[in-house]
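Let's walk through this structure together, one piece at a time. Have the sequence and the 3D view open as you read.

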Amino acid sequence: MRIATWNINSINRRLEHVTAWLERAQPDVLCLQETKCATAAFPEMIFNGLGYESVALGAGAWNGVAIVSRVGLTDVRDNLTDQPEWEGKVEPRAIAATCAGVRVWSLYIPNGRTPDHDHYHYKLKWLQALSRTAAAELVDHESLMLLGDFNVAPTDDDVYDIAAFEGSTHVTEQERAGLKLIEAAGLTEIEPRPLKYDRAFTFWDYRQLAFPKNRGMRIDLVYATPPLAGRVTDAYADREARKGKSASDHAPVVVDLAD
DNA sequence: ATGTCCGATGATATCGGA
């Protein structure tokens with residue numbers, strides 16, 4: 001079974017990329033983030049035509065998550081328990097479904113903007129709520145997987161040059177403590193291998209030739225419970241998908257599980 | 001081979017967010 005996650009930065013802008021990648025990579029389940037598309041406007045028929053069911057949660061221009069699956073999609077759930085709000089609203093950043101016995105969450109953790117911004121505190125609270133929801137879900141789902149754009153680099157080696165991130169979000173102790181809460185809940189990170197170079201970056205800014213210079217970050221992450229982690233046969237970041245015209249600024253992360 | 005990109009706005013260039 002192949003499970004993947006990809007921040008596609010607008011499903012409508014990226015439809016051709018996503019369908020081509022589905023044909024090439026043949027994932028059984030794909031978690032999407034930043035669909036930037038209202039729930040009812042998600043192009044589910046396109047995925048149906050390729051043999052995938054889908055569920056989506058969105059609110060138009062910002063955020064938005066979805067799961068597409070060709071191995072079943074049941075027990076769909078929107079949002080975390082007590083999900084923190086931004087400007088008085090629960091944003092579409094979390095959706096879950098059970099696919100072939102695996103409880104899958106597609107997650108888009110808030111960016112944080114800058115460490116002195118309210119959005120940063122929102123991000124930290126969001127990570128705390130995520131770890132609590134994960135712990136609660138574990139009661140009913142021993143095969144639990146969290147996938148998505150976490151907007152946190154787990155270690156200094158997960159950015160191209162830690163010196164370039166002084167004073168920035170994504171690399172702070174508090175954000176990494178948020179990831180540790182997920183591990184404390186009983187999940188382990190599935191670290192992908194790179195297809196090229198020494199590190200498996202998943203994001204490269206559109207600006208200043210970041211991709212050709214490989215100035216990347218590893219911020220799209222996968223966490224799994226021990227029964228699932230024990231089934232992992234391969235995991236990689238597919239930088240090929242970052243290439244070409246009108247690509248997303250993120251690359252997919254792919255995880256293979258033994259049946 | 002790639003020096004932003006996306007979506008929204010009483011738009012037709014500018015802005016917030018990433």
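Start with helix α4, residues 173-184, which lies across β8, β9 and β13 and runs at about 25 degrees to β13. Keep in mind as you look that this is a predicted model.

The strands under that helix belong to an open sheet of 6 strands, ordered β5-β6-β7-β8-β13-β9, with mixed pairing. At its edges stand β5 (74-78) and β9 (188-189); each has a single partner strand, so one side of each is left without a neighbour in the sheet. Further in, β8 (residues 144-149) and β13 (residues 220-224) run antiparallel and are joined by 5 bridges. If you would like to find one of these pairings on screen, look for Gly148, whose bridge partner in β13 is Leu221. Helix α3 (residues 118-138) also packs on this sheet, where it touches β5, β6 (94-99), β7 (102-108) and β8. The direction of α3 makes about 170 degrees with that of β7.

Now look at the two helices together. How far apart are the axes of α3 and α4? They are 8 Å apart, and the helices pack at an angle of about 10 degrees. An angle under 35 degrees counts as roughly parallel, and α3 and α4 are therefore roughly parallel to each other. On the α3 side, the contact includes Tyr120, Leu124, Leu127 and Leu130, while α4 contributes residues including Leu179, Leu181 and Ile182. Sorted by type, the residues of this contact divide into 7 nonpolar, 4 polar and 2 charged.

There is another sheet to explore. It is open too, with 7 strands in the order β3-β4-β2-β1-β15-β14-β10 and mixed pairing. Here β3 and β10 (193-194) stand at the edges, each with a single partner strand, so one side of each is left without a neighbour in the sheet. The partner of β10 is β14 (residues 232-237); the two run parallel and are joined by 2 bridges. Within that pairing, Pro194 stands opposite Ala237. Helix α1 (residues 11-25) lies across β1 (2-7), β2 and β15, running at about 155 degrees to β1.

What fills the interior? In soluble globular proteins, nonpolar side chains tend to be buried together. In this model the largest nonpolar core has 25 residues, and those with the most contacts inside it are Ile3, Ile67, Cys99, Val102, Val104, Met145 and Leu257. Strands that each supply at least two residues of this core include β2 (29-33), β4 (65-69), β6, β8 and β15 (253-257). Cys99 makes a good place to zoom in: among the residues it touches are Met1, Val29, Ile67, Leu73 and Val104. A second, separate core has 22 residues, including Leu80, Ala94, Ile109 and Val152.

Finally, visit three loop residues. Ala247, in the loop between β14 and β15, is buried, with a relative accessible area of 5%. Its contacts include Arg14, His17 and Tyr206. The C-alpha atoms of Ala247 and Asn9 are separated by 8.9 Å, although the two residues are 238 residues apart along the chain. Tyr197, in the loop between β10 and β11 (203-204), has a positive phi near 65 degrees and is partly exposed at 44% relative accessible area. Asn214, in the loop between β11 and β12 (216-217), also has a positive phi, of about 55 degrees, but Asn214 counts as buried at 14% relative accessibility.

Definitions and conventions. Residues numbered from 1 in each chain as written. Chains lettered and ligands numbered in written order. Predicted model: local features only at pLDDT ≥ 70, side-chain atom pairs only at ≥ 80, totals over all residues. Heavy atoms only, no water. Pairing = 2+ DSSP bridges. Helix = DSSP H or I, 4+ residues; strand = E, 2+ residues; numbered from the N terminus. Contact = heavy atoms within 4.5 Å. Axes fitted to C-alpha atoms, helices over the stretch in contact; angles between N-to-C directions. Core = buried A, V, L, I, M, F, W, Y, C linked by side-chain atoms within 4.5 Å. Buried < 20%, exposed > 50% of the residue type's maximum accessible area, 1.4 Å probe, protein only. Parallel < 35°, antiparallel > 145°, perpendicular 65-115°, else oblique. Nonpolar A, V, L, I, M, F, W, Y, C, P; charged D, E, K, R; others polar. Lists of a residue's contacts leave out its neighbours within four places in sequence.
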